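Here is a short briefing on how two chains sit together. Look at the structure first, then read the points below.

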There are 2 protein chains.
Amino acid sequence: MTINVGIYLYDKVEILDFAGPFEVFSTASRVNARRSQESDNLFNVFTVAEDTNPLFARGGLQIIPAYSISEHPEINLLIIPGGIITDELTKNHIISWIITSSNIANITGSVCTGAFLLAKAGLLKSKAATTHWEDINDLRSMFPDIKIKKNVRWVDEGSVVTAAGISAGIDMSLHLISRVTNKDLAILTAKQMEFEWTINP
Amino acid sequence: MTINVGIYLYDKVEILDFAGPFEVFSTASRVNARRSQESDNLFNVFTVAEDTNPLFARGGLQIIPAYSISEHPEINLLIIPGGIITDELTKNHIISWIITSSNIANITGSVCTGAFLLAKAGLLKSKAATTHWEDINDLRSMFPDIKIKKNVRWVDEGSVVTAAGISAGIDMSLHLISRVTNKDLAILTAKQMEFEWTINP
């Protein structure tokens with residue numbers, strides 16, 4: 001069984017917000033393949049953007065997205081990273097794509113200000129959620145029906161999971177691996193990345 | 001004063017090995033600009049590769065390098081990330097470029113198996129160094145004159161600094177910020193990234 005992990009990219013996406021989850025899921029695949037002698041495809045990780053033209057992440061890293069929102073493999077695990085999301089919030093076709101894709105996906109996760117895009121898509125309505133500590137107040141005032149949680153690495157609402165800022169996306173991704181496979185694999189993945197996994201208290 | 005941070009990329013570079021330092025230095029610039037009301041350019045972070053053709057990081061992320069090794073801005077801080085370095089170790093022109101660039105740079109840092117490239121370039125001769133826990137024995141047998149350190153996040157030998165595996169590159173980059181600017185900025189950068197900075201004991 002291969003789980004397709006689709007990571008949404010856009011101009012001025014925060015680098016670690018998408019690179020953290022990308023690293024976690026692709027490392028987990030390698031660790032799992034070595035451990036179980038299976039082929040290297042527990043997770044198939046790929047990027048999806050508005051189109052496949054090169055884009056610039058925040059800070060200037062230039063990336064070529066693997067797929068466009070109009071043509072990509074079915075996504076089982078959808079990750080929406082944060083960054084400068086001002087433009088994305090105004091794009092109705094992107095919000096529609098998030099709605100459609102999250103309906104098909106088993107789990108939709110956001111990192112940092114990616115939570116604003118989930119909120120705009122209606123995915124956080126009356127749910128608990130978190131975002132970067134600096135954006136908590138904005139999220140609350142823009143979407144007053146969200147139950148905002150502070151000082152947590154992630155909030156798991158079943159089909160929707162939101163992470164705190166930037167590096168918390170790594171902790172959330174390890175949690176998702178624990179949820180969809182097993183905790184052993186998440187712990188081995190963190191060890192392989194030499195990452196100290198911060199689990200919610 | 002702007003410090004040019006050049007990050008070397010190659011096919012099958014480990015994503016977090018380069019994305020971690022890229023995030024740290026570009027976030028530090030933003031944090032510094034906000035704090036000091038200076039313009040946003042304490043660090044100018046860019047990627048350099050053999051040429052500027054698109055390349056694939058390990059796991060399949062496609063990147064367009066900003067510069068080639070034959071034409072790039074002067075590098076003050078050179079970062080060599082890890083990944084599948086087998087091919088790179090055999091490329092004499094890459095090893096020569098690392099030697100030349102590290103002579104010009106104030107500090108050369110490696111992440112994970114990037115240490116093998118520094119060793120091949122002669123930068124670790126009779127120095128202390130570290131790498132990913134899984135590669136410690138290989139580094140020792142290939143380069144017996146290196147004083148290998150285990151269970152540290154990074155080893156600082158002045159002009160050459162080596163980090164342990166994957167996410168330890170984030171800790172090392174925060175250390176480098178502390179060294180070339182001040183510890184306050186490193187702490188604020190970690191806070192902005194919601195990253196728990198692991199400092200060497």
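**The contact between the chains**

The contact draws 30 residues from chain B and 30 residues from chain A. Keep in mind that this is a predicted model.

**What chain B brings**

- Three elements of chain B, α1 (15–36), β2 (43–49) and β4 (62–64), each supply at least two residues of the side that touches chain A.
- The biggest giver on that side is α1(B), with seven residues.
- Sorted by class, the side of chain B that touches chain A holds 17 nonpolar, ten polar and three charged residues.

**How the copies are related**

- In general, a rotation about an axis and a shift along it relate two copies of a chain.
- Here, a turn of 180° and a shift of 0.0 Å along the axis lay chain B on chain A, with an RMSD of 0.0 Å.
- That is the relation of a two-fold axis.
- Both copies use the same surface: 100% of the contact residues of chain B recur in chain A.

**At the axis**

- Which residue of chain B comes closest to the rotation axis? B:I63 does, with its C-alpha at 2.2 Å.
- B:I63 belongs to β4(B), and A:I63 stands opposite B:I63.
- Strand β4 (residues 62–64) of chain A pairs with β4(B). The pairing is antiparallel and runs over three bridges.

Note on methods:
Residues are numbered from 1 along each chain as its sequence is written. Chains are lettered from A and ligands numbered from 1 in the order in which they are written. This is a predicted model: local features need pLDDT of at least 70, side-chain atom pairs count only at pLDDT 80 or more; totals for chains, interfaces and linings use all residues. Copies are superposed by least squares on the C-alpha atoms of residues with pLDDT of at least 70 in both. Two residues are in contact if their C-beta atoms, placed from the backbone, lie within 7 Å. Helices (H or I, at least four residues) and strands (E, at least two) are DSSP runs, numbered from the N terminus. Ala, Val, Leu, Ile, Met, Phe, Trp, Tyr, Cys and Pro count as nonpolar, Asp, Glu, Lys and Arg as charged, and the others, Gly among them, as polar. Two strands pair if DSSP finds at least two bridges between them.
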